[in-house]
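Dear colleague,

Please find below the structure that I am handing over to you. My notes on what was found in it follow directly after.

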Amino acid sequence: MNYQHLLDQQKEYFNSNVTRDLNWRIQQLKQVKQLVIDNEEALLKALKTDLQKPEQEAWTTELSYITGDVDHVLKHLKKWAKPRKVKTSLVAMPGKSFIQPEPLGSVLIMGAWNYPLQLVFAPLVAVIAAGNCAVIKPSDLAPAVSAIIAKLVPKYLDNSAFAVVEGAIPETTALLELPFDHIMYTGNGAVARIVMAAAAKHLTPVTLELGGKSPVYLDKSANINIAAQRLAWGKWMNAGQTCIAPDYLLTSEELVEPLVNALIKQVNEMFSQDPSTSNSYGRIVNQRHTERLSTYLDSGEVVFGGKFDIENKFFQPTIVVNPALDSKLMSEEIFGPIFPIITVDNYPAAKELVINREKPLAAYIFSKDKNQQNDWVNTISSGSQCVNDVIMFNAVPDLPFGGTGPSGMGQYSGKSGFDNFSHLKSVLKRPFFKDLPVRFAPYTDLKFKL
Ligand code: NAD
């Protein structure tokens with residue numbers, strides 16, 4: 001298995017400067033949008049096959065996410081790609097200084113299975129905007145979506161600049177041996193280490209979009225019903241398999257009962273009393289992950305849900321109260337529909353618990369207390385945050401998306417994606433005016449004192 005020819009072909013094309021042309025980039029971006037529009041039905045079907053994604057959910061979180069992303073980029077691309085003037089320092093005068101964004105070359109995009117379209121095409125939009133070529137490796141755990149990506153990309157995009165390689169570990173390992181100009185990986189931290197080690201051999205820069213345990217803190221000033229609705233949506237969308245889903249919730253003892261009741265009410269309203277029959281509730285990606293989730297159930301008191309069906313990859317929305325902090329449920333990223341609620345004495349105790357754990361991809365607070373909100377934002381380190389909501393920062397294209405520490409490195413979305421896949425080249429342009437002699441040898445005391 002050797003993909004060197006793909007990279008060679010892309011490098012040759014890149015060196016012909018075609019991809020630097022803004023008109024080419026705009027045309028390719030429009031083609032990404034067209035691909036989604038023309039194949040809406042087939043894409044929704046593939047998402048249903050792999051994850052039983054409800055159509056409306058798949059539409060908002062995958063298809064229209066991509067087309068919206070293209071629209072946003074098209075609106076701003078000319079401005080982002082322009083040289084960015086900076087002030088020239090006195091010693092470099094007369095002269096003009098600017099930052100010239102330039103494309104990197106060929107980017108390897110490795111997608112994950114939970115949003116298998118979005119996590120390939122949103123990076124691709126940024127990669128194209130910045131003027132790069134790409135080899136796309138969709139997740140093998142979403143095979144129907146992988147197959148349709150492999151079928152449609154060559155139909156819609158410039159084949160000299162873009163290629164899709166389907167497959168699992170052997171294919172990915174072969175791809176990782178090549179000297180790409182950038183690697184964009186979305187997935188878990190263990191594989192991220194493999195990716196980074198492979199990249200190190202060629203000094204290839206990486207963007208790693210990883211996960212973690214994203215906490216929520218809720219205090220008594222919060223509007224419990226509104227919080228519960230937003231939390232239920234964020235936790236149980238895609239059956240909990242969202243990297244920025246709330247992983248666990250911290251609150252005081254007296255709020256547990258009203259919160260649990262409000263969450264149950266929301267689950268019943270969103271997915272009915274029997275979510276296994278609901279068209280709005282997804283499935284776990286495979287039996288192995290369904291089984292993994294089932295092993296979390298003995299970590300604490302299951303106060304709601306807890307039913308699962310490994311064969312049919314169904315896992316009920318579930319709430320567990322006060323699991324041990326060193327249990328599996330509270331040590332590993334859940335990535336499924338189990339919501340642990342843990343009681344804490346107060347806000348400082350919640351904060352301490354969060355700070356003493358690995359930096360998460362997202363951190364959420366529900367509170368009307370402005371001081372507490374500000375303290376959370378100012379002192380909790382995480383990829384992104386929402387105050388009084390979950391996930392919705394991802395609907396703001398001008399907010400960069402990415403992790404920090406173990407939750408990832410590098411950011412994309414809007415301009416941050418354009419910058420992420422560009423080299424921001426510094427340029428100083430000077431005229432042929434005579435320079436002050438002080439700059440040049442021989443160095444004398446007199447020159448030094450000047
Ligand atoms: P996955 O199994 O789809 O793996 C991701 C990619 O890595 C795939 O393309 C896969 O083929 C490849 N891969 C898997 N094992 C490999 C190996 N040994 N060597 C080389 N390549 C290999 O996805 P996953 O890792 O199960 O995804 C879930 C994780 O991803 C969670 O931790 C979640 O939080 C995180 N995630 C992060 C984001 C984000 O944007 N930050 C988005 C979605 C998911």
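I begin with Leu124, which, apart from its neighbours within four places in sequence, is in contact with Val32, Ile109, Ala134 and Ile136. Please bear in mind throughout that this is a predicted model.

Leu124 also has a place in a wider arrangement. The largest nonpolar core holds 120 residues, and those that touch the most other members are Ile109, Leu124, Val125 and Ile136. Helix H5 (residues 118–129) provides the largest share of this core, with ten residues.

As to the chain as a whole, there are 16 helices and 18 strands. The C-alpha trace spans about 80 × 55 × 40 Å along its principal axes. For 450 residues, a compact globule would have a radius of gyration near 22 Å, and the 25 Å of the chain agrees with this. Of these 450 residues, 45% count as buried. Among contacts between residues at least 6 apart in sequence, 67% join residues at least 24 apart.

The ligand deserves separate attention. It is surrounded by 28 residues, of which Ser139, Gly187, Glu209, Gly211 and Cys243 are the closest. Two elements, helix H7 (169–176) and helix H8 (189–201), each give two or more residues to this shell. The largest share, three residues, comes from H7. Sorted by class, the shell comprises 13 nonpolar, eleven polar and four charged residues.

H7 is also of interest for its buried residues, which include Thr172, Leu175 and Leu176. These three lie on the same side of H7, because they cover an arc of only 100 degrees around the axis. In an α-helix there are 3.6 residues a turn, so residues three or four places apart point the same way. The cover over the buried residues of H7 includes strand S3 (106–110), strand S4 (133–137) and H8.

One further residue may be noted. Ala147 belongs to helix H6, which runs over residues 143–156. Is Ala147 buried, partly exposed or exposed? Ala147 has 16 other C-beta atoms within 10 Å, whereas a buried residue needs 20 or more and an exposed one has 12 or fewer, and therefore Ala147 is partly exposed. Between the C-alpha atoms of Ala147 and Gly167 there is a separation of 9.9 Å, with the two residues 20 apart along the chain.

With kind regards

Definitions and conventions. Residues numbered from 1 in each chain as written. Predicted model: local features only at pLDDT ≥ 70, side-chain atom pairs only at ≥ 80, totals over all residues. Helix = DSSP H or I, 4+ residues; strand = E, 2+ residues; numbered from the N terminus. Rg over C-alpha atoms; globule rule 2.2 N^0.38 Å. Contact = placed C-beta atoms within 7 Å. Near = placed C-beta within 6 Å. Nonpolar A, V, L, I, M, F, W, Y, C, P; charged D, E, K, R; others polar. Arc of directions from axis to C-beta. Core = buried A, V, L, I, M, F, W, Y, C linked by C-beta atoms within 7 Å.
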